[in-house]
Amino acid sequence: VQLQASGGGLVQAGGSLRLSCAASGRYFSSYVMAWFRQPPGKEREFVSIISRIGTSTDYPDSVKGRFTISRDNAKNTVYLQMNSLKPEDTAVYFCAAASIATIYSPPARAPSRYQYWGQGTLVTVSS
């Protein structure tokens, strides 16, 4: 599967952005989908994950209550709605796909478990 992320940009603190990740290829609904981000000079970190049919999600505490992941399997697209953005959310955001048994296991938050990656979209939050 090939992934194409979009929707990044410059936003003021407190604002919102919606990222999209369009997938091409077959069997999109067979993959767990996730968003990761990489702040400047830092390692890639887990942001959110959604199950194959979209009924289960998980987030780290840093974004819980502000970010919402969703997917539309008919459109082969996963979304990340980001509200109440903070300067520390500034990063390149990546979507990723993996064949993972459960989204709640610690390995599900590890970038190394993901086989497919989008190219990244830059989100800059100004203070």
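Q: Is Ser-48 buried or exposed?
A: In this predicted model, Ser-48 is buried, because its relative accessible area is 0%, and a residue counts as buried when that value is under 20%.

Q: Where along the chain is Ser-48 found?
A: Ser-48 is part of strand E5.

Q: And which residues does Ser-48 touch?
A: Leaving out residues up to four places away in sequence, Ser-48 touches Met-33, Ala-34 and Trp-35, then Asp-58, Tyr-59 and Pro-60, and also Ile-69 and Leu-80.

Q: Some of those names sound like core residues, so which residues have the most contacts inside the largest nonpolar core?
A: The largest nonpolar core has 27 residues, and those with the most contacts inside it are Met-33, Trp-35, Phe-67, Leu-80, Met-82 and Tyr-93. Among the elements that give two or more residues to this core are strand E1 (2–6), strand E3 (17–24), strand E4 (32–38) and strand E5 (45–50), and the list goes on with strand E7 (67–72), strand E8 (77–82), strand E9 (91–98) and strand E11 (121–126).

Q: What about a second core, which residues does that include?
A: There is a second, separate core of eleven residues, and Val-32, Ala-34, Ala-98 and Ile-103 are included in it.

Q: Back to Met-82, what is it in contact with?
A: If its neighbours within four places in sequence are left aside, Met-82 is in contact with Gly-15, Ser-16, Leu-17 and Leu-19, with Arg-66 and Phe-67, and with Tyr-93 and Val-123.

Q: Let me zoom out: how many helices and strands does the chain have?
A: The chain has zero helices and eleven strands, so from the N terminus on the elements run β-β-β-β-β-β-β-β-β-β-β, and the chain is as compact as a globular protein of its length, because its radius of gyration of 13 Å is close to the 14 Å that the globule rule gives for 127 residues.

Q: What box do the C-alpha atoms fill?
A: Taken along the principal axes, the C-alpha atoms of the chain fill a box of roughly 40 × 30 × 25 Å.

Q: How much of the chain counts as buried?
A: Of the 127 residues, 44% count as buried. The accessible surface of the chain comes to about 6,300 Å², and 49% of that surface belongs to carbon and sulfur atoms.

Q: What about contacts between residues far apart in sequence, say 24 or more positions?
A: Among the contacts in the chain with a separation of 6 or more, 59% are accounted for by residues 24 or more positions apart.

Q: How many positive and negative side chains are there?
A: The chain has 13 positive and 7 negative side chains, and the centres of these two sets lie 7 Å apart.

Q: Now Cys-21, where does it lie, and is it buried or exposed?
A: Cys-21 lies in strand E3, and with a relative accessible area of 0% it is buried.

Q: Which residues does Cys-21 touch?
A: Not counting residues up to four places away in sequence, Cys-21 touches Leu-3, Gln-4 and Ala-5, Met-33 and Trp-35, Asn-76, Thr-77 and Val-78, and finally Cys-95. The C-alpha atoms of Cys-21 and Tyr-31, which are ten residues apart along the chain, are separated by 13 Å.

Q: You mentioned Asn-76, so what is its phi?
A: Asn-76 has a positive phi of about 50° although it is not a glycine. Most residues other than glycine have a negative phi. Asn-76 has its place in the loop between E7 and E8, where it is partly exposed, with a relative accessible area of 22%.

Q: Which other residue has a phi near 50°?
A: Ser-84 has a positive phi near 50° and is also a residue other than glycine. Ser-84 lies in the loop between E8 and E9 and counts as partly exposed at 42% relative accessibility.

Q: And Leu-85, is that one buried or exposed?
A: Leu-85 lies in the loop between E8 and E9, and at 2% relative accessibility Leu-85 counts as buried. Residues up to four places away in sequence aside, Leu-85 touches Val-11, Ala-13, Gly-14, Gly-15, Ser-16, Leu-17, Arg-66, Phe-67 and Val-125.

Q: Last one: how far apart are Arg-26 and Asn-76?
A: Arg-26 and Asn-76 are 50 residues apart in sequence and 9.1 Å apart in space, C-alpha to C-alpha. Arg-26 has its place in the loop between E3 and E4, and it is exposed, with a relative accessible area of 63%.

Note on methods:
Residues numbered from 1 in each chain as written. Predicted model: local features only at pLDDT ≥ 70, side-chain atom pairs only at ≥ 80, totals over all residues. Heavy atoms only, no water. Core = buried A, V, L, I, M, F, W, Y, C linked by side-chain atoms within 4.5 Å. Buried < 20%, exposed > 50% of the residue type's maximum accessible area, 1.4 Å probe, protein only. Helix = DSSP H or I, 4+ residues; strand = E, 2+ residues; numbered from the N terminus. Contact = heavy atoms within 4.5 Å. Rg over C-alpha atoms; globule rule 2.2 N^0.38 Å. Areas by Shrake-Rupley, 256 points an atom, 1.4 Å probe, with all protein chains shown as cover. Lys, Arg positive; Asp, Glu negative; His and termini not counted. Charge placed at Lys NZ, Arg CZ, Asp CG, Glu CD.
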